[in-house]
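Student: I should like to learn how labels such as "buried" are justified for a structure. May we go through some examples together?

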Amino acid sequence: MTTPPTSGSDPISSGGPLVDGPADPEHDPTASYALEPDDVARLTSRLLATSGRTTQVHSPLDGAPLAHIPQSTSEDVAEAFARARRAQAIWARTPVEERAAALLRLHDLVLDRQQEIIDLIVLESGKARKHAFDEPLHIALTARYYARTARQHLDTQRKIGVIPALTRVEVNRVPKGVVGIISPWNYPFTMALCDGLPALLAGNAVVAKPDAQTMLSALYGARLLDEAGFPKDLWQVVAGPGRELGTPIIEQSDYICFTGSTATGKVIARQCAERLIGCSLELGGKNPILILRDADIEKAAEGAVRASFSNAGQLCVSMERMFVADQVYDRFVDRFVARTRAMTLGATLDWGNDMGTLISQDQLDTVTAHVEDAVSKGARVLAGGKARPDLGPFYFEPTILEGVTPEMTCFGNETFGPVISLYRFHDEAEAVARANDGEYGLNASIYSQDGARARELARQIKCGTVNINEAFGATFASIDSPMGGMRESGMGRRQGSEGIHRYTESQAVGTQRGLRFAPMFGMSDEAYAKMMTTSLRLMNKLGRA
Ligand code: NAD
């Protein structure tokens, strides 16, 4: 079924499709897909997993068995850290230019291998191919950004010394050591890799524990890092349930980068606090989108579809609450509903589906429960509203609800599925207040033709990112900008300078010449205090920092 690798020392560089799936829209949507055992073995050989146990994973496309994944023990975690520490000691002395060059090779590799990467992502997650493409795209963007800005973030920087000309101060960026990365299943390739790239660039090693449902995409990423020239032991991968491997990872890490649910994030934060190690937490959201009265209706309706149904809503930054100005409500909702009903639905490997399937029975159960609860309490379904077992075992239609009220589960709780609730608003202050309701603060979107007005409103929204006339891509794909949550949506930021500085300790080195910080030449303490006071007043007069 799979095209075997043709040549070369690296078994994943076959250049051919990893999976022989249907290539055209005429294919049989019920056909089952499988990975060859050799493909699975090549990927899982990158794991440190000696328990002798395996878990079977299934493809959400059709529910068929996909692979057996070897499971790691806490001894494997300890071995992973030992290897990573040895590799990191050497890597930290490797010039930044060499580290950056490896990232640029990764950039090209990811683009070259995108079809294989996307095959794996779709097989493991069930998402539409066009949404899977976002993952190699995001890794390429991240790799190139950090490679090209490495010196800007990592070079030693001169700071203002306390005594001009006599105190020289500079700040070094020292790698933390070994970073533990715990990642979720929803973007299995990029979430497993993207946060690790700045960690490596800054001179760290990584021990990664991807989600159990999507190990293969993460392992493919690890293989690409090897191929790009990163020392193999620098990036360790372990497999197993988070509640078993999480604690040993946290106990041995110098920093934790976690992406997942708010509930798990709090457990992890407590354990990190116990060890006084830093952590960044990228957590859940209940993201609001505002359609202002001057929005371009057609563009807003198109954007609203992507905002709500990308990756079947299993996207931390996708929208679940839509506030629409009274003046345009009917016109906008007509267009949004029409566009949603016209979506091509399917759970297959080929291009052409506008939305894929949910990943699991758990996800389907949550989404079904949220919609049934809302409908039973009086919400109206304007589009979708039901599971589609004819398309896939966990498929749920893109769903638009109206009339959602606070006693309904989906009012304030993250559904993490293709369900959006519509609300009408009368004035913009009210819309902002309602957008700020609740405990989350991850991402927001505003549609308006008045960019300046929209940016002014953005400042009032309690979210880590706000996208104007776009759902999430404007910030998420601009790697120079920080990305993360306020309130219960997280702590710390990925991307930009914050996304790399979190993996470093800043070390200040001060060199003093001439004057010392004590009375000199027989001066009394009192005279010294007076002299310093006069100097401070003078510095203030001169406008010095
Ligand atoms: P989850 O918290 O259950 O799992 C995420 C990861 O944590 C998995 O690798 C899991 O094995 C591990 N884990 C689980 N329990 C653990 C524990 N006690 N100790 C250590 N690790 C543990 O999250 P999920 O439900 O699988 O993922 C969906 C959630 O992730 C949603 O809430 C979504 O909004 C959020 N998310 C956030 C972002 C972001 O960037 N803010 C991105 C993607 C997903």
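**Reasoning from values to labels**

Tutor: We may begin with the ligand in this predicted model. One of its oxygen atoms is 2.7 Å from an N or O atom in the side chain of tryptophan 185.

Student: What makes the approach of tryptophan 185 to the ligand a polar contact?

Tutor: The pair consists of an oxygen of the ligand and an N or O atom of the tryptophan 185 side chain, at 2.7 Å. The cut-off is 3.5 Å, so the pair counts as a polar contact. A ligand oxygen also lies 3.0 Å from an N or O atom in the side chain of lysine 209. For leucine 283 the partner is a polar backbone atom, 2.7 Å from a nitrogen of the ligand.

Student: How much of the ligand does the protein bury?

Tutor: Alone, the ligand exposes 850 Å², and the protein buries 86% of that. Around the ligand there are 25 residues, of which Ser183, Trp185, Ser261, Leu283 and Glu414 come nearest.

Student: Why is serine 125 called buried?

Tutor: Its relative accessibility is 3%. Buried means under 20%, and therefore serine 125 qualifies. Serine 125 belongs to helix H4, residues 114–125. Beyond its neighbours within four places in sequence, serine 125 is in contact with Pro60, Pro188, Thr357, Leu358 and Ile359. A polar atom of the serine 125 side chain also lies 3.3 Å from the backbone nitrogen of lysine 127.

Student: How do you know whether histidine 138 is buried or exposed?

Tutor: Histidine 138 has a relative accessible area of 5%. That value is under 20%, so histidine 138 is buried. Histidine 138 lies in helix H5, residues 129–148. Its side chain forms a polar contact of 3.0 Å with the side chain of glutamine 495. Apart from neighbours within four places in sequence, the contacts of histidine 138 are Thr190, Cys194, Phe476, Ile479 and Gln495.

Student: Which residues touch the most other members of the largest nonpolar core?

Tutor: They are Leu106, Met322, Phe332 and Phe336, in a core of 154 residues. Helix H9 (residues 215–228) gives the largest share, 8 residues. Domain 1 (34–282) and domain 2 (287–485) each supply at least three residues to this core.

Student: What does phenylalanine 332 touch, if residues up to four places away in sequence are not counted?

Tutor: Phenylalanine 332 touches Ile291, Ile297, Ala300, Ala301, Ala304, Met322 and Val324.

Conventions: Residues are numbered from 1 along each chain as its sequence is written. This is a predicted model: local features need pLDDT of at least 70, side-chain atom pairs count only at pLDDT 80 or more; totals for chains, interfaces and linings use all residues. Side-chain values use heavy atoms; hydrogens and water are left out. A nonpolar core is a set of buried Ala, Val, Leu, Ile, Met, Phe, Trp, Tyr and Cys residues joined through side-chain atoms within 4.5 Å. Buried means under 20% relative accessible area, exposed over 50%, partly exposed in between (1.4 Å probe, protein chains only). Helices (H or I, at least four residues) and strands (E, at least two) are DSSP runs, numbered from the N terminus. Domain bounds come from an automatic or database domain assignment. Contact means heavy atoms within 4.5 Å. A residue is near a molecule or strand if one of its heavy atoms lies within 4 Å of it. A polar contact is a pair of N or O atoms within 3.5 Å; within protein, one must be able to donate a hydrogen and the other to accept it, and residues adjacent in sequence count only if both atoms are side-chain atoms. Accessible areas come from the Shrake-Rupley method with a 1.4 Å probe; for residues, only the protein chains shown count as cover.
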